[in-house]
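Me: Can you take me through the ligand site in this one? I'd like contacts before pocket geometry.

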Amino acid sequence: MTFGAISAQSRFEVFSANSNRVEVFASSAEASDAVAVAILRAVAENPDIVLGLATGNTPRKVYAQLSRAVSSGRASFARATTFNLDEYCGLHKAHPDSFAAYMRRELFDKTDFSDDRINLIDGAAQDSVREARRFADALLRKPIDLQLLGLGSNGHIGFNEPGSTIDSRVRCVELSAETLLANQETLIELQDVPSHATTMGIADILGARSIIILATGSAKAQAVRHCIEGGPSATWPGSFLSTHPHVHWFLDQDAARFLEKPR
Ligand code: GLP
């Protein structure tokens, strides 16, 4: 990846859906590189940026590129602030299956983010309602400039499962059967995926000034179609992104295959 340059061949489709910009790339690697470039540009423009970050398999390649950019001296996140989207309930941040541990492994330990500007939900908090309120207050004090999202195969963003409303805020939710199944393969030590998680709500996510959403692989194709072309609906929570003025979808061909494009 060259910082700031994605070849014309790899970015082979760009179109707009509602106010959302949609770009389709030949592969997940190319889509991930493009997301990394967009984040690096945003940080170069505003070193004090507030980033919203996601976990899951999807952003791994993005985080690898960001890590490379820092270790080669092309970028610094020393002044950036981060907020993570979600965390499993009941897991301490030291547990290898916690999203806190994921973030350390994939990004924080390989870059120069400052510990005191990293905001994570405490999955081990005794009182999850109070912990949700604490995190929501921190978000209100530091609005997110750029939110990175992945997409669940059921259309969830963060852990806002189908049925989540557009005005939902940080809260503890029960995970759907589809999400439990999808996340089973990501476990390192646990036998089963925790049944509950605390997540930013849809309203918190839509409060970000701009949003990048990366979806790759054919398992996401149905959700991508509903979220981009279906109109806002709680059935596919990612579809609420169509109400936001600055959303940029980065897709690979597999994730984009059910879109009726170009328009
Ligand atoms: C996870 C996370 C989401 C993530 C989504 C997709 O469980 N809560 O933030 O975007 O589900 O995960 P993956 O990227 O592994 O497909």
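Reply: What follows covers the ligand contacts and then the pocket, in a model that is predicted.

Me: Ok, which residues come nearest to the ligand?

Reply: Asn57, Thr58, Asp86, Asn183 and Lys220 come nearest, out of 13 residues around the ligand.

Me: What does the side chain of Asp86 have within reach?

Reply: An N or O atom in the Asp86 side chain is 2.8 Å from a nitrogen atom of the ligand.

Me: And which side chains sit 2.8 Å from a ligand oxygen?

Reply: His156 has a side-chain N or O atom 2.8 Å from an oxygen atom of the ligand. For Asn183, a polar side-chain atom lies 2.8 Å from an oxygen atom of the ligand.

Me: How much of the ligand does the protein bury?

Reply: The protein buries 92% of the 390 Å² that the ligand exposes when taken alone.

Me: What's the make-up of the shell?

Reply: The shell around the ligand has 8 polar, 3 nonpolar and 2 charged residues.

Me: Switching to pockets. Which one does the ligand take up?

Reply: The ligand takes up space that is the largest pocket. That pocket holds about 770 Å³ of space.

Me: Which lining residues are closest to its centre?

Reply: Thr55, Gly56, Asn57, Asn183 and Thr186, of the 39 that line the largest pocket.

Me: Which elements give two or more residues to that lining?

Reply: Helices H1 (28-45), H2 (60-71), H3 (99-106) and H5 (177-184), along with strand S5 (86-88). H5 gives the largest share, 5 residues.

Me: And the lining by residue class?

Reply: The lining of the largest pocket divides into 17 polar, 14 nonpolar and 8 charged residues.

Technical notes: Residues numbered from 1 in each chain as written. Predicted model: local features only at pLDDT ≥ 70, side-chain atom pairs only at ≥ 80, totals over all residues. Heavy atoms only, no water. Near = heavy atom within 4 Å. Polar contact = N/O pair within 3.5 Å; in protein donor to acceptor, adjacent residues only side chain to side chain. Areas by Shrake-Rupley, 256 points an atom, 1.4 Å probe, with all protein chains shown as cover. 1 Å grid on protein atoms, 1.4 Å probe; cavity = no way out; pocket = protein on both sides within 12 Å on 5 of 7 lines; lining within 4 Å. Sits in = over half its atoms within 2 Å of the grid points. Nonpolar A, V, L, I, M, F, W, Y, C, P; charged D, E, K, R; others polar. Points joined across faces, edges and corners; volume = space filled by probe spheres on them. Helix = DSSP H or I, 4+ residues; strand = E, 2+ residues; numbered from the N terminus.
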